[in-house]
Amino acid sequence: MPELPEVETVRTALEPVLHGQQISTVRLTRQDLRWPLPRNLSAALTGQICGLPWRRGKYILLPLLPSGKTLLIHLGMSGAIRLYPRQPAHFGKHDHFSVELADGQWFVFSDPRRFGHLDLLESGKEDAHPLLSGMGVEPLSNHFSPAYLDRVLAARKQPIKTALLDQRLIAGLGNIYVSEALFRAGISPRRQAGNIVGKRTERLVPAIRATLTEAISAGGTSLRDHVQPGGEIGYFVQNLKVYGREGAGCSVCDKPIKMLRQGGRSGYYCPNCQR
Ligand SMILES: [Zn+2]
């Protein structure tokens, strides 16, 4: 599932393609993905000029002029975006939403499992959208600090890993980067969230930032290597230290990495390095 760095990589790739371009054709094959799509989606997009795409959590937001609407794109579990220099020779059966731009390029959103979503909202009122309202701070913004984490984690009895996955506290973190950030900070995913305030949040905040920044940078590298038209944007080889490495030697102490199920999700950690 794409997390913040993958979504940011997609956003970065879309920016030069979409910004300032008029949408000339919309190809929509269904009226629903995870949820019903706006009834007038094709008509609302056709003829609009794309502004600068931006990101909130795991959502991409594309402002449209002159309508003053914003297109919300959520990749969900399996959604992928591909770009083509001209109309693709054929569309795949999961290519549910495609857009032709005035310069002839095509943007194709495919979603085999249909956990993705598209919606239209009023630009400037993003925070009122049901998927975006109540979303926590952006972890790469200045609002994310040890003081913020101390405040929101205080008195929380759940494990720290579960708290970090809560999108109402921090936007955009998922299973992979939470495992990686906790390893980097030397904090056990089992530790009670309310008990990490103080010194540990001072380690955890920079660990989360560095983990995300490195992954975004890896995404940028993959974009430069991304020469094949129609290649998926946003999935790239990551240098993961613990995630998915059960039984492998820890890169620091060489003891085996352990898998841990918490809240129905698998996490990975080094019991020796993370306390
Ligand atoms: Zn270790």
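Strands β4 and β5 (residues 69-74) pair in the antiparallel sense, with five bridges between them. In this predicted model, Leu-62 has Leu-71 of β5 as its bridge partner. The two strands make a hairpin in which three residues separate them, and Gly-68 in the turn adopts a positive phi of about 75°.

Strand β4, which spans residues 59-65, has further partners to introduce. Strand β3 (residues 54-56) runs antiparallel to β4 and is joined to it by three bridges. Here Arg-56 is matched with Tyr-59 of β4 as its bridge partner. A hairpin is formed by β3 and β4 as well, with two residues between the strands; in the turn, Gly-57 has a positive phi of about 55°. Strand β2 (residues 49-50) also runs antiparallel to β4, and two bridges join the pair. Within that pairing, the bridge partner of Cys-50 is Leu-64 in β4. As for its surroundings, β4 is mostly covered, since five of the seven residues in this strand are buried.

A second set of strands can be followed in the same way. Four strands build an open sheet, ordered β1-β7-β8-β6, with antiparallel pairing. At the edges of this sheet lie β1 (23-28) and β6 (80-84), each of which pairs on one side only. From one strand to the next, the twist averages 15°. Within the sheet, strand β7 (residues 95-101) and strand β8 (residues 106-110) are paired antiparallel over five bridges. Phe-97 is found opposite Phe-109 of β8.

Attention now turns to helix α1, which covers residues 4-18. The helix has 15 residues, and the distance from its first C-alpha to its last is 20 Å, close to the 21 Å expected at 1.5 Å a residue. Helix α1 is mostly covered, with eleven of its 15 residues buried. The buried positions include Leu-4, Pro-5, Glu-6, Val-7 and Glu-8. Thr-9, Val-10 and Arg-11 are also buried, as are Ala-13, Leu-14 and Leu-18. The buried set of α1 thus includes charged side chains, Glu-6, Glu-8 and Arg-11 among them. After the helix comes Gly-20, with a positive phi near 85°.

The helix and the sheet edge both reappear at the boundary between domains. According to the domain assignment, the chain holds domain 1 (4-128) and domain 2 (146-269). Their C-alpha centres are 28 Å apart. Contact between the two involves 19 residues of domain 1 and 19 residues of domain 2. On the side of domain 1 that touches domain 2, α1 and β6 are the elements that give two or more residues. The largest share of that side comes from α1, which supplies nine residues. By residue class, the side of domain 1 that touches domain 2 divides into eleven nonpolar, three polar and five charged residues.

Taken together, α1 is a helix with eleven of its 15 residues buried, and α1 also gives the largest share of the side of domain 1 that touches domain 2. Strand β6, for its part, is an edge strand of the open sheet and gives two or more residues to that side of domain 1.

Notes:
Residues are numbered from 1 along each chain as its sequence is written. This is a predicted model: local features need pLDDT of at least 70, side-chain atom pairs count only at pLDDT 80 or more; totals for chains, interfaces and linings use all residues. The expected span of a helix is 1.5 Å times one less than its number of residues. A residue is buried if 20 or more other C-beta atoms lie within 10 Å of its own, exposed if 12 or fewer, and partly exposed in between; C-beta atoms are placed from the backbone. Two strands pair if DSSP finds at least two bridges between them. Axes are lines fitted to C-alpha atoms, for helices over the stretch in contact, and angles run from 0 to 180 degrees between N-to-C directions. Domain bounds come from an automatic or database domain assignment. Two residues are in contact if their C-beta atoms, placed from the backbone, lie within 7 Å.
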